[in-house]
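This briefing introduces a protein structure to a reader who has not met it before. Please view the sequence and the model below before turning to the points that follow.

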Amino acid sequence: MSTTEPLITTICAPATPHGVGALALIRMSGPQALEVAGRVFRSAACPDLTQSEGYRTYFGHVRDSSGELLDEVLLSVFRAPHSYTGEDSVEISCHGSLYIQDALLRTLVENGAVLAGPGEFSQRAFMNGKMDLAQAEAVADLIASENRTSHKLAMDQMRGVFSQELSALRSRLLELASLMELELDFSDENVEFADKKELRSLVESLLESIGKLCDSFSMGNAMKKGVPVAIAGLVNSGKSTLLNALLGEEKALVTPVAGTTRDTIEDVLVVDGIPFRFIDTAGLRHIGEVDEMSQEHIEKLGVKRSLETIRSAAVLMLVLDASRPETYTESLQSVASFNNEHILFIINKIDLVCNIDVILAGFMNTLCNTFVTSSKSNTSVLPVSAAKNIGIEDIKNTLVAKIRPDLDRNAIILTNLRHYQELRAAGEALQRVREGLDARLSTDLLTPDLRQALHHIGSITGEITPDDILGEIFGRFCIGK
Ligand SMILES: Nc1nc2c(ncn2[C@@H]2O[C@H](COP(=O)(O)OP(=O)(O)OP(=O)(O)O)[C@@H](O)[C@H]2O)c(=O)[nH]1
Ligand SMILES: [Mg+2]
């Protein structure tokens, strides 16, 4: 739908999923919503719906075009602009039969409404200034949220927390731009309205704010898809057994044969409201040059994939076999070059050892001697028996304790790829402004980049967003929202 066309149609759609439930909700919005509803719905409490006030709910009957009684329903009236879309709207709660829903929709269409496209209600809300684009996009995220954390992120965004931050950024940028534009206007007179030093520090602080928001994106993404936790280690250390113990189901194949897991296997588990994506990997063992048709070649491909997975994970869980201290050094060396932010050393199979303290002391000793990794890594050592379900809760608690501060640290967490890309582009344009200021470029050479930065920030909230992009954004919504 083109956003430049006048929004004069009255749209209708089911707001509940297509299926049988106790009740279903059909919503209708547009200038004729009350008139169309009035032709279909009869209520003793309200003989003329078009005269109804907003925020009223009536009990009554709906009939199809031939006059046949369809259902007993509740109809709620919302008057413009106090509705989700900002237009006159009605919501009809009918019984959940698919026949009733389809017949009611058909009747509404026969009486002047048109079926809504995906996201059309939210698009109207945006067009009528009920919410900005970032807030409208959060509605789709809210509907898709599956855990407490993604729900909170979407809810904050829908309530405008992110939009307020952007609008603060934008007004600081505008201030900068207007000073520069003023200079351009008076360029003949060689006046300087903007103190270049002040401009430089304003650009610097804007870049810092944008940088922080962009940095929060990997966390935001993790919150939507699950914080990636790679389960790594030498073959046979019990990685797949650990995955199964964490998930509480037999997801991965476990055998005493070394090299059982060839490909990565993953699943999401929500712990204390945070989604973790546990990824079981193929055992790390060195395999030299091998024939392409051999079993070793397949294993080699698995190891390669494991390495990629481990590298990009937020948390690396290195599983070691407690009963084989002679493998500790090799195991630690296999992940020594990784730079993951959090590392958990899982000393597994403790059911096979007599003295756990001796084993842990031995491990700590090897760790001190061999492990080289970035000092920013935050490490923990946990004794576990995946097979006997010992220490599994400790792992979950430790993961939550490591990730929760990352969540709390960022007041605003970026979750949307489009927003991230626009902010990155704004940041790049501002970096060019900073370089230009340092190179003492004239104001007319700095302003195009400044305008670019403004453009990118404005397109997040929808102040400057072309129709085709709007169509694409709202096309991703479900019908009825
Ligand atoms: N006693 C004991 N045995 C375990 C424990 N965890 C795993 N095992 C056994 O160790 C063997 C290997 O377990 P897996 O979970 O397949 O090990 P893996 O690390 O996934 O092995 P690959 O996929 O081959 O790299 C199996 O026989 C498991 O039953 C444990 O905590 N205690
Ligand atoms: Mg395995």
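The centres of domain 1 and domain 2, taken over C-alpha atoms, are separated by 42 Å. The structure is a predicted model. The points below cover its domains, two sets of paired strands and the surroundings of a ligand.

**Domains**
- The protein is divided into domain 1 (11-131), domain 2 (144-220 + 416-462) and domain 3 (228-406).
- Domain 2 is thus given as two segments, 144-220 and 416-462.

**The open sheet**
- An open sheet is formed by seven strands in the order β3-β4-β5-β6-β2-β1-β7, and its pairing is mixed.
- The edges are taken by β3 (41-42) and β7 (114-115); each has a single partner strand, so one side of each is left without a neighbour in the sheet.
- Within this order, strand β2 (residues 23-29) pairs with strand β6 (residues 89-95) in the antiparallel sense, over seven bridges.
- M28 stands opposite V90 in β6.

**Strand β12 and its partners**
- Strand β12 (residues 342-348) is largely enclosed by the rest of the structure, because seven of its seven residues are buried.
- A residue counts as buried here if 20 or more other C-beta atoms lie within 10 Å of its own.
- In a regular strand, side chains alternate between the two faces of the sheet.
- In β12, H342, L344, I346 and N348 point one way, while I343, F345 and I347 point the other way, and all are buried.
- Strand β11 (residues 315-321) runs parallel to β12 and is joined to it by seven bridges.
- From β11 the chain crosses through helix α10 (residues 328-334) to β12, and this β-α-β crossover is right-handed.
- One bridge partnership links L320 with I347 in β12.
- Strand β13 (residues 378-383) also runs parallel to β12, and six bridges join the two.
- I346, one of the buried residues of β12, has L382 in β13 as its bridge partner.

**Surroundings of ligand 1**
- Of the 24 residues around ligand 1, those that come nearest are G238, S240, T261, G283 and A387.
- The shell around ligand 1 is made up of seven nonpolar, 13 polar and four charged residues.
- Helix α8 (residues 239-247) gives the most to this shell, with three residues.

Key
Residues are numbered from 1 along each chain as its sequence is written. Chains are lettered from A and ligands numbered from 1 in the order in which they are written. This is a predicted model: local features need pLDDT of at least 70, side-chain atom pairs count only at pLDDT 80 or more; totals for chains, interfaces and linings use all residues. A residue is near a molecule or strand if its C-beta atom, placed from the backbone, lies within 6 Å of it. Helices (H or I, at least four residues) and strands (E, at least two) are DSSP runs, numbered from the N terminus. Ala, Val, Leu, Ile, Met, Phe, Trp, Tyr, Cys and Pro count as nonpolar, Asp, Glu, Lys and Arg as charged, and the others, Gly among them, as polar. Domain bounds come from an automatic or database domain assignment. A residue is buried if 20 or more other C-beta atoms lie within 10 Å of its own, exposed if 12 or fewer, and partly exposed in between; C-beta atoms are placed from the backbone. Two strands pair if DSSP finds at least two bridges between them. A crossover is right-handed if, with the strands pointing away from the viewer, the path from the first strand over the helix to the second runs clockwise.
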